[in-house]
Amino acid sequence: MGKLPLRARLATTIGGAAGRMSRLAGRGDGSVIGGVIGLRMEPNLLALLAAGRQIVLVTGTNGKTTTTRLIAAGLTAFGLPVASNAFGANMEAGLTAALGRAPDAPLAVLEVDEKYLPAVIKATRPRVVTLLNLSRDQMDRAAEIWLVARKWRQALAAAPDSLVVANADDPLIAWSAAAAPHVVWVAAGQRWREDSWCCPQCGSHLLRDELGWRCAECGFARPPARWVLEGGSVIDSSGRIHGMSLSLPGRANRSNALVALAVSEIFGVDPEQALPRMRQVASVAGRYTRFERHGRQVRLLLAKNPAGWLEAFDVLDPPPVPVLLSVNAREPDGRDTSWLWDVDYRVLRGRPVFVTGERRLDLAVRLEADGVPFQLVEGVDDAVELVQDASLDVIANYTAFQQIRATFGRAE
Ligand SMILES: [Zn+2]
């Protein structure tokens, strides 16, 4: 902080005070407002705050917040403070606020919105850029993911000093990362394939087999990976096998942890040091949080897009444990709910299904079409009263998730 120019120091101090005031006033966690005010005083503040630190950027459609948290956990092995935007404020103001809050942290792990990645690479000159996956988010963004990948390519080609950690199993990610001179390939898997039937390089159909994917036309193919997930184990870059038991559930989180281990190793943290630290992460910004309601255990899962719904289904406790689905269609969710038709809900058959949220009728129509019996309810408490079991899983999209969190406490 002492090395910052005066204007940047003032901007950080005033931004930090605004963030604290916002928290005290109960207006969220204050992670954005401080950055907004700081940037208004010093437009170059993000670059100034990033200078001299070792920075890891994390982006992708799904898993950003969790992977960021797991990498930050791994890097605590040094015993040094790690700056991070742990609550997912992932645009310029949120990143600026995160660095401003931790002026003395030599390391920073930052989740970045997909569209902002090129600008953030330019501003922060990261040591590592982590690319997880790319798939459609809200309907109105579906056509844009190839354009996003193309912009990443250009940004990575222009940042030869950054090392890229990328998921070899996602063709769009592989195509973006291939433009970078230094890449660590990780086999993090790809559950959702609807957005990658075509070769990102030439547009031909991709062929898939147990070895991965390849294009018969131009020869673009899945790069060999140095880190592999094999059931519940990790094979690391030197071929050693580690058991991967996490507190976070599901295959998607094992993939996130695999990526986080690869990033940690770049900083010299061995998987044997990093894994116990990652195991301590039990919930991430409210995801997987459990709370008790009238004697029932309720677990909260977030699913923002079709790929995210598949991941959430993987994590559900087995039937007959009931599930409550909650869907809104506010601005951050995307106004259009036609994405509901991209998700296969038939896996929910055989368990009680409750439906709520501002767009519960849209979801009801969708479940009807998939032949999934369901019951409409007003909210979590209604569902809790109706269930016979001791536990209830809740899957909610973005603003529905935030509403439930606000009602039932923001406990981490
Ligand atoms: Zn091709």
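Which residues in H4 meet which residues in H9? Let's find out, keeping in mind that this is a predicted model.

## Two helices that meet

On the H4 side, the residues are Thr-66, Thr-67, Leu-70, Ile-71, Gly-74 and Leu-75. They meet Asn-253, Asn-256, Ala-257, Val-259, Ala-260, Val-263 and Ser-264 in H9. Sorted by character, the residues of this contact divide into seven nonpolar and six polar, with no charged ones.

To place these helices in the chain, look for H4 at residues 64–75 and H9 at residues 251–266. Their axes come within 9 Å and cross at roughly 40°. Angles from 35 up to 65 degrees count as oblique, so H4 and H9 are oblique to each other. The crossing in which H4 passes H9 is right-handed.

## An open sheet

Next, turn to the strands. Six of them form an open sheet, and its order is S12-S13-S17-S14-S15-S16. The pairing in this sheet is mixed. At the edges are strand S12 (290–293) and strand S16 (375–376), each of which pairs on one side only.

For a closer look at one edge, follow strand S15, residues 353–356. Two bridges join S15 to S16, and these two strands run parallel. Here Phe-354 stands opposite Gln-375 in S16.

## A helix across the strands

The sheet also has a helix lying across some of its strands. Helix H12, made of residues 360–369, lies across S14 (323–326), S15 and S16. Relative to S15, H12 runs at about 145°.

How values were computed: Residues are numbered from 1 along each chain as its sequence is written. This is a predicted model: local features need pLDDT of at least 70, side-chain atom pairs count only at pLDDT 80 or more; totals for chains, interfaces and linings use all residues. Side-chain values use heavy atoms; hydrogens and water are left out. Two strands pair if DSSP finds at least two bridges between them. Helices (H or I, at least four residues) and strands (E, at least two) are DSSP runs, numbered from the N terminus. Contact means heavy atoms within 4.5 Å. Axes are lines fitted to C-alpha atoms, for helices over the stretch in contact, and angles run from 0 to 180 degrees between N-to-C directions. Angles under 35 degrees count as roughly parallel, over 145 as roughly antiparallel, 65 to 115 as roughly perpendicular and the rest as oblique. A crossing is left-handed if the near helix is turned anticlockwise from the far one by less than a right angle, and right-handed if clockwise. Ala, Val, Leu, Ile, Met, Phe, Trp, Tyr, Cys and Pro count as nonpolar, Asp, Glu, Lys and Arg as charged, and the others, Gly among them, as polar.
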